[in-house]
Amino acid sequence: MTFSDIFKSSFLEKVTEFSLLDTLLALALSFALGLFIYFVYKKTFRGVMYSRSFGVSLMALSMITTIVIQAVTSNVVLSLGMVGALSIVRFRTAIKEPLDIAFLFWAIAGGIVLGAGLIPLAILGSLVVGIILIVFVNGKGGDTPYLLIVHCQGDEAEKAVMDQVKESCGRSVVKSKSVSAAQMELTLELRVAPEDMGKVIG
């Protein structure tokens, strides 16, 4: 064994197999895809508190997934080890909005497809998904459900409340009714357009 053999390593030899141009191109495309996902998320957000960090994490998730898939596709042994390493990862953060799960899977799926080199599929699929989300989330889907809590006294007051609700909205359902010596509490589910909500509580 010579002095040069000591510094020979299969790890360093793999550097010659690395394509800098392909990696930069994949990262640029995944960044553009993540930016598009972030734009759609911002346009379709209907939650209580908008989180900019979640939108930025969608871009980072798309790029990270692309890097992982590029590494996995270059080595079969590495892919098996990567599966074992990722199987121990657990995410404890609660997802407050159900639609956020769709955006997470969208970012991961886009990174996987780009990492595999299927660029037309990633672009076309993301455009279709983005258009569908914008149309269905921002479109008017009919009346919005509301919960109306009313405090009243006596059967006559209850009847007056129910008559007012029936005249003002299309559909109402009594969810709960609590009766005490002092007053009565009614919880009603109303199906009414947002602009007509003032007629119900007016």
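The legends below accompany close-up views of a predicted model.

**Figure 1. Overview of the chain and its order of helices and strands.** The chain contains nine helices and three strands, and when these are read along the sequence they follow the pattern α-α-α-α-α-α-α-β-α-β-β-α. Of the 202 residues in the chain, 27% are buried. Among contacts with a separation of 6 or more, 69% join residues that lie 24 or more positions apart. The accessible surface of the chain amounts to about 14,100 Å², and carbon and sulfur atoms account for 67% of that surface.

**Figure 2. The largest nonpolar core and the helices that supply it.** This core has 14 residues, and those touching the most other members are Ile37, Val40, Tyr41, Leu58, Phe103, Trp106 and Leu133. Two or more residues each come from helix 3 (20-44), helix 4 (52-73), helix 6 (98-115) and helix 7 (119-138), with helix 6 giving the most, namely five residues. A second core, separate from this one, has eight residues, including Leu148, Val150, Val165 and Leu190. In soluble globular proteins, nonpolar side chains tend to be buried together.

**Figure 3. Leucine 133 and its contacts beyond the local sequence.** When residues up to four places away in sequence are not counted, leucine 133 touches Val40, Thr44, Leu99, Phe103, Trp106 and Asn138. Among these partners, Val40, Phe103 and Trp106 are also listed, together with Leu133 itself, as residues that touch the most other members of the largest nonpolar core.

**Figure 4. Threonine 44 in helix 3, with a polar contact and several neighbours.** Threonine 44 has its place in helix 3 and counts as buried because its relative accessibility is 2%, where buried means under 20%. A polar atom of its side chain lies 2.7 Å from the backbone oxygen of valine 40. With neighbours within four places in sequence left aside, threonine 44 is in contact with Leu99, Phe103, Leu133, Ile134, Val137 and Asn138.

**Figure 5. Glycine 130, a buried residue of helix 7.** Glycine 130 lies in helix 7 and is buried, its relative accessible area being 0%. Although glycine 130 and tyrosine 41 are 89 residues apart along the chain, their C-alpha atoms are separated by 8.9 Å. Leaving aside neighbours within four places in sequence, glycine 130 is in contact with Phe36, Val40 and Trp106.

**Figure 6. A nonpolar patch on the surface, with isoleucine 132 among its members.** The patch is formed by Leu124, Val128, Ile131, Ile132, Val135 and Phe136, which together have about 630 Å² of accessible area. Isoleucine 132 is found in helix 7, and with a relative accessible area of 44% this residue is partly exposed. Glycine 130, which also lies in helix 7, is by contrast buried.

**Figure 7. The salt bridge between aspartate 163 and lysine 159.** The count for this model comes to one salt bridge, in which the side chains of aspartate 163 and lysine 159 meet at 3.2 Å, N to O. The two residues are separated by about one helical turn, because they stand four residues apart in helix 8 (residues 154-168). Aspartate 163 counts as partly exposed, at 32% relative accessibility, whereas lysine 159 counts as exposed, at 53%.

Key:
Residues are numbered from 1 along each chain as its sequence is written. This is a predicted model: local features need pLDDT of at least 70, side-chain atom pairs count only at pLDDT 80 or more; totals for chains, interfaces and linings use all residues. Side-chain values use heavy atoms; hydrogens and water are left out. A nonpolar core is a set of buried Ala, Val, Leu, Ile, Met, Phe, Trp, Tyr and Cys residues joined through side-chain atoms within 4.5 Å. Buried means under 20% relative accessible area, exposed over 50%, partly exposed in between (1.4 Å probe, protein chains only). Contact means heavy atoms within 4.5 Å. A salt bridge is a side-chain nitrogen of Lys or Arg within 4 Å of a carboxyl oxygen of Asp or Glu. Accessible areas come from the Shrake-Rupley method with a 1.4 Å probe; for residues, only the protein chains shown count as cover. Patches are made of residues with over 30% relative accessible area and no salt bridge: like charges are joined within 9 Å, nonpolar side chains (Val, Leu, Ile, Met, Phe, Trp, Tyr) within 5 Å. A polar contact is a pair of N or O atoms within 3.5 Å; within protein, one must be able to donate a hydrogen and the other to accept it, and residues adjacent in sequence count only if both atoms are side-chain atoms.
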